[in-house]
Amino acid sequence: MPSLYERLGGEAAIEAAVARFYDKVMDDPKLAPYFDGYDIVALLRKQIAFMTMAFGGPNNYTGRDLRTAHAGLVKRGLGDAEFDAVAGHLKATLEELGVSEALITEVLTIVGGTRNDVLSR
Ligand code: HEM
């Protein structure tokens, strides 16, 4: 079976989806403060590379592991509520783009698998 990356539509589709997803996260007043002071374009590139790798596409991810990358944010209060809100924006994005429920479930399962790393557990 083709990778999830391919079934989602490959590079252009993932880039478009992640950009749209990031807009939603940045527009969410309970999430935006966590991103204050960061280079959002650089972060978006890393997020695209991470998701590409996580969904079985080419591995060009050069960022840190998710535990290290989010440890400071956890100290600032990042928890399940924020994680769920981010995952919810991703789900809404994929729904808006017409991605099937089955593929959305696969995406959310993979992203959900990062929870313990993101939240330093
Ligand atoms: C849902 C699962 C998540 C994934 C897959 C994810 C993925 C990533 C990736 C790949 C990076 C880049 C790592 C690097 O800079 O080396 C990153 C950094 C970052 N993420 Fe997440 N993230 C998630 C959840 C969250 C949540 C819930 C928040 C806050 C609401 C968040 C805020 C940030 C911020 C602010 C950075 C920059 C940290 C820094 O450079 O010090 N992330 N994330």
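Let's start at the surface. The protein exposes about 6800 Å². Carbon and sulfur atoms supply 56% of that area. One caveat before going on: this is a predicted model.

Now charges. There are 13 positive and 17 negative ones in the protein. Take the mean position of each set, and the two points sit 5 Å apart.

From the surface to the inside. How many of the 121 residues count as buried? The share is 36%.

Next, the fold. What does the protein have in the way of helices and strands? The count is 7 helices and 0 strands. Along the sequence that reads α-α-α-α-α-α-α. The globule rule gives 14 Å for 121 residues, and the radius of gyration is 14 Å, so the protein is as compact as a globular protein of that length.

For those setting up a box: along the principal axes, the C-alpha atoms fill roughly 40 × 25 × 25 Å.

Contacts, then. Consider pairs of residues at least 6 apart in sequence. Of the contacts between such residues, 71% join residues at least 24 apart.

Last, the metal. The ligand carries an iron atom. Which protein residue donates to this iron? It is His70, through NE2, at 2.0 Å. His70 is the single donor that the protein provides. And where does histidine 70 lie? In helix 4, which covers residues 66–75.

To recap: 7 helices, 0 strands, 36% of residues buried, and an iron atom with a single protein donor, His70.

How values were computed: Residues numbered from 1 in each chain as written. Predicted model: local features only at pLDDT ≥ 70, side-chain atom pairs only at ≥ 80, totals over all residues. Heavy atoms only, no water. Helix = DSSP H or I, 4+ residues; strand = E, 2+ residues; numbered from the N terminus. Rg over C-alpha atoms; globule rule 2.2 N^0.38 Å. Buried < 20%, exposed > 50% of the residue type's maximum accessible area, 1.4 Å probe, protein only. Contact = heavy atoms within 4.5 Å. Areas by Shrake-Rupley, 256 points an atom, 1.4 Å probe, with all protein chains shown as cover. Lys, Arg positive; Asp, Glu negative; His and termini not counted. Charge placed at Lys NZ, Arg CZ, Asp CG, Glu CD. Donors = N, O, S within 2.8 Å, 3.2 Å for Na, K, Ca; no water.
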